[in-house]
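I opened my notebook and looked through this structure one step at a time. Here is what I wrote down, in the order I looked it up.

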Amino acid sequence: MKADAATPQFRYVEEFVRYQLSKSLGGARGMIESALPFIAFTIAWVVARQLYPAIAAAVGVALLMAVIRLVQRQSIKYVVQAVIPTAIAVLIAARTGRAQDVFLPGILYNGALAALSLVTVAIGKPLVGFIIGAAVGDPTEWTKDRGLVKMTSKLTLVLAAPYLTRFVIQLPLFLAGQVVLLAIAKVILGWPMLIAALTVIGLMLSKGQTPMENSPLARSRDQTV
């Protein structure tokens, strides 16, 4: 496996971690793309109060984003990350006939990620560490560095906060069948909250200056070249 030639070189581990986290989440555009299908669904639902036109709006927006990416000769990786959850949600809602079921996969996904994040921190193998390790082609080398384990544990807890918040707030709305409030919560607790978490992470990482050459991440990355 070769390292990405477009990946910039970093002097410090903190800079590298910040870059890889932002890249894995798709940046601002990727986060917005993940929310747009559900925004379209909600608008169509409010206007027509019918399930299938709302489903058509969500699918249409997801496909349009994919076409735009292809026309721009860009990767559709982040659009796929929006299309797949949309497709699953649409299939569930179409089968049950309940509009609120469109939001169920996302609620369960956030609950599962929150639980997984907390468990990985508890056992000393935080989830963010595997994300960073995978970026350099060695998902486990970082576990040998106590400093990296401590750093990625803190980062994992920060990223877990939005997942847990979404689950706790959206689940009662789902059980109450509040479609419009679910959509509002999904948007407000979606990319704005993720950006806030990334801002906190940026501030946390700006305080440290761990030389990259002394890190297992550097050794792993060099081995992929």
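**Entry 1: a meeting of two helices.** I started where H7 and H8 touch: Gln170, Leu173 and Phe174 of H7 meet Leu181, Leu182, Ala185 and Lys186 of H8. I then looked up how the pair is arranged. Helix H8 covers residues 179-188, and its axis lies 9 Å from that of H7, at an angle of about 165 degrees. H7 and H8 are therefore roughly antiparallel to each other. I also noted that their crossing is left-handed.

**Entry 2: how far to trust it.** I reminded myself that this is a predicted model. The protein chain has a mean pLDDT of 80, and 80% of its residues reach 70 or more. Which elements have the lowest and the highest mean pLDDT? I found helix H10 (residues 216-223) at the bottom with 56, and helix H5 (residues 104-122) at the top with 94. Residues 1-5 have a pLDDT below 50, and I counted this stretch as having 8 contacts beyond near neighbours in sequence. A note to self: where pLDDT is low, the predicted coordinates should not be read in detail.

**Entry 3: the whole chain.** How many helices and strands does the protein chain have? I found 10 helices and 0 strands. Read along the sequence, the pattern is α-α-α-α-α-α-α-α-α-α. Of the 225 residues, 42% count as buried. The chain exposes about 11,900 Å², and carbon and sulfur atoms supply 67% of that area. I looked at contacts too: among those with a separation of 6 or more, residues 24 or more positions apart account for 72%.

**Entry 4: H7 and H9.** I came back to H7, which spans residues 146-175, and followed it to helix H9 (residues 191-206). Their axes come within 10 Å and cross at roughly 165 degrees. Why do I call H7 roughly antiparallel to H9? Because angles over 145 degrees count as roughly antiparallel, H7 and H9 get that label. The crossing of H7 past H9 is right-handed. On the H7 side, the residues in contact include Met151, Leu155, Val158 and Pro162. On the H9 side, I wrote down Met193, Leu194, Ala197 and Val200 among them.

**Entry 5: H5 and H7.** H7 also packs with H5, at an angle of about 145 degrees and with the axes 8 Å apart. This crossing is left-handed. The residues of H5 in this contact include Leu104, Ile107, Gly111 and Ala114. Those of H7 include Leu157, Ala160, Leu164 and Phe167. I spotted Gln170 and Phe174 of H7 among the residues touching H5, and I had already met Gln170 and Phe174 in the contact with H8.

**Entry 6: two single residues.** Where is glycine 124 found? I located glycine 124 in the loop between H5 and helix H6 (127-135). Glycine 124 is partly exposed, with a relative accessible area of 30%. Its C-alpha is 9.7 Å from that of threonine 152, and these two are 28 residues apart in sequence.

My last stop was tryptophan 191, which lies in helix H9. Tryptophan 191 is partly exposed as well, with a relative accessible area of 31%. What separates the C-alpha atoms of tryptophan 191 and isoleucine 32 in space? I read 6.6 Å, for two residues 159 positions apart along the chain.

Conventions
Residues are numbered from 1 along each chain as its sequence is written. This is a predicted model: local features need pLDDT of at least 70, side-chain atom pairs count only at pLDDT 80 or more; totals for chains, interfaces and linings use all residues. Side-chain values use heavy atoms; hydrogens and water are left out. pLDDT is the predictor's confidence in each residue, from 0 to 100. Helices (H or I, at least four residues) and strands (E, at least two) are DSSP runs, numbered from the N terminus. Contact means heavy atoms within 4.5 Å. Buried means under 20% relative accessible area, exposed over 50%, partly exposed in between (1.4 Å probe, protein chains only). Accessible areas come from the Shrake-Rupley method with a 1.4 Å probe; for residues, only the protein chains shown count as cover. Axes are lines fitted to C-alpha atoms, for helices over the stretch in contact, and angles run from 0 to 180 degrees between N-to-C directions. Angles under 35 degrees count as roughly parallel, over 145 as roughly antiparallel, 65 to 115 as roughly perpendicular and the rest as oblique. A crossing is left-handed if the near helix is turned anticlockwise from the far one by less than a right angle, and right-handed if clockwise.
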